[in-house]
Amino acid sequence: MPVLDFKEIPEAHKATGLQDTFELFARDFLSFMGYKIISHPDRGADGGADLIVEKKRTGVGGETVVRWLVSCKHKAHSGSSVSPTDDGNILDRVSSKKCCGFIGFYSTLSSSGLSGVLEGIKDRIEFQIYDRERIEKELLHSARGLEVAERYFPISLAAWKTNNPEPAKIFADEPSLKCKVCSKELLDKDDKGVITLWQRIRTDYENEPEYFEHIFWTCRGNCDRALSQNIRSKAKGLTDGWEDIADVMMPTVFIKWAISILNELHRGTIYSDEAFNQLKEFLLNIYPFVCRHLTDKEKERVQSLMMIPSYLGGLGYEG
Ligand SMILES: [Zn+2]
């Protein structure tokens, strides 16, 4: 599904002679892509050239500079593709502006008719088409691209950011949780792994408080199993509980988790010094991921988690 809604950029206003936002967007996009802007979009008649840009190219014979004529067509509001009539006389326009390449910068797609025309002249000039799909792909995969996108597509970007959260910048150091077994950074992985909490098995539930001996975080699967075997062979009388780290990173689950830990402490649960320090380290490193809205996917996940009996009890005030 497309992320950027090109209708956020207003339609061209040739009649008012105002600089068109779409052309300004083309200028910012191409300079983000490393092109040097030779002639800026300006008012009034443009003689078939919205922009002229240059890019250095390094080849066998050294460095050459390629000059491109840029043609901007903003048809997102009608939704129709760019036809040979919309973008005519490409060859003449390119040579009259002393360029050797043509860039079509389109908020929709190029029609098959136009693609045919371009194929027919590709022996004489180079061409590139930046259509809505290619523009979006380029912008969304870098921080600088996102800045450009945010300027021209504020509504689209706000929705996208909610569903692609970045950790908030809260502490001087980047958050980090390294797998106890293989030392890989869990926060960089798609699957953030699991946190396991090891407590002493109680014989007298009435009078014996819960006692947490160790807290560890590891990759899911092999590392988790290796650690588990190691602990069980070394220390008898311990049992483990675990949580998906990605679950605890969800704002709603995080606060429920924190509150239930407070409740346990209040009831007399004991943590070893080591376990308590680990718990604090975990919460501190998860926190930057938590300061945000829920993504749409998480909203569903939280709802299904709340259906599980152990999660019932709202935010855990009583549990
Ligand atoms: Zn690991």
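Reader: What makes β8 and β9 the edges of the open sheet of four strands?

Author: In this predicted model, the open sheet has the strand order β8-β6-β7-β9, with mixed pairing. β8 (238–244) and β9 (270–271) each have a single partner strand, so one side of each is left without a neighbour in the sheet.

Reader: How do you know that β7 and β9 pair, and in which sense?

Author: Two strands pair if DSSP finds at least two bridges between them, and β7 (residues 211–218) is joined to β9 over two bridges in the parallel sense, so the criterion is met. Within this pairing, Phe 212 stands opposite Tyr 271 in β9.

Reader: Which helices lie across β7, and at what angles?

Author: Helix α7 (residues 222–234) lies across β6, β7 and β8 and runs at about 150 degrees to β7, while helix α10 (residues 273–290) lies across β6, β7 and β9 at about 40 degrees to β7.

Reader: Why are α1 and α5 called roughly antiparallel?

Author: Helix α1 (residues 21–32) and helix α5 (residues 143–152) pack at an angle of about 175 degrees, with their axes 10 Å apart. Angles over 145 degrees count as roughly antiparallel, and the two helices are therefore described in that way. Their contact has five nonpolar, one polar and two charged residues, with Phe 25, Asp 28, Phe 29 and Phe 32 in α1 meeting Arg 144, Gly 145, Val 148 and Tyr 152 in α5.

Reader: Which residues touch the most other members of the largest nonpolar core?

Author: Of its 30 residues, these are Ala 26, Trp 68, Val 70 and Phe 105, and α1 gives the most to this core, with five residues.

Note on methods:
Residues are numbered from 1 along each chain as its sequence is written. This is a predicted model: local features need pLDDT of at least 70, side-chain atom pairs count only at pLDDT 80 or more; totals for chains, interfaces and linings use all residues. Axes are lines fitted to C-alpha atoms, for helices over the stretch in contact, and angles run from 0 to 180 degrees between N-to-C directions. Angles under 35 degrees count as roughly parallel, over 145 as roughly antiparallel, 65 to 115 as roughly perpendicular and the rest as oblique. Two residues are in contact if their C-beta atoms, placed from the backbone, lie within 7 Å. Ala, Val, Leu, Ile, Met, Phe, Trp, Tyr, Cys and Pro count as nonpolar, Asp, Glu, Lys and Arg as charged, and the others, Gly among them, as polar. A nonpolar core is a set of buried Ala, Val, Leu, Ile, Met, Phe, Trp, Tyr and Cys residues joined through C-beta atoms within 7 Å. A residue is buried if 20 or more other C-beta atoms lie within 10 Å of its own, exposed if 12 or fewer, and partly exposed in between; C-beta atoms are placed from the backbone.
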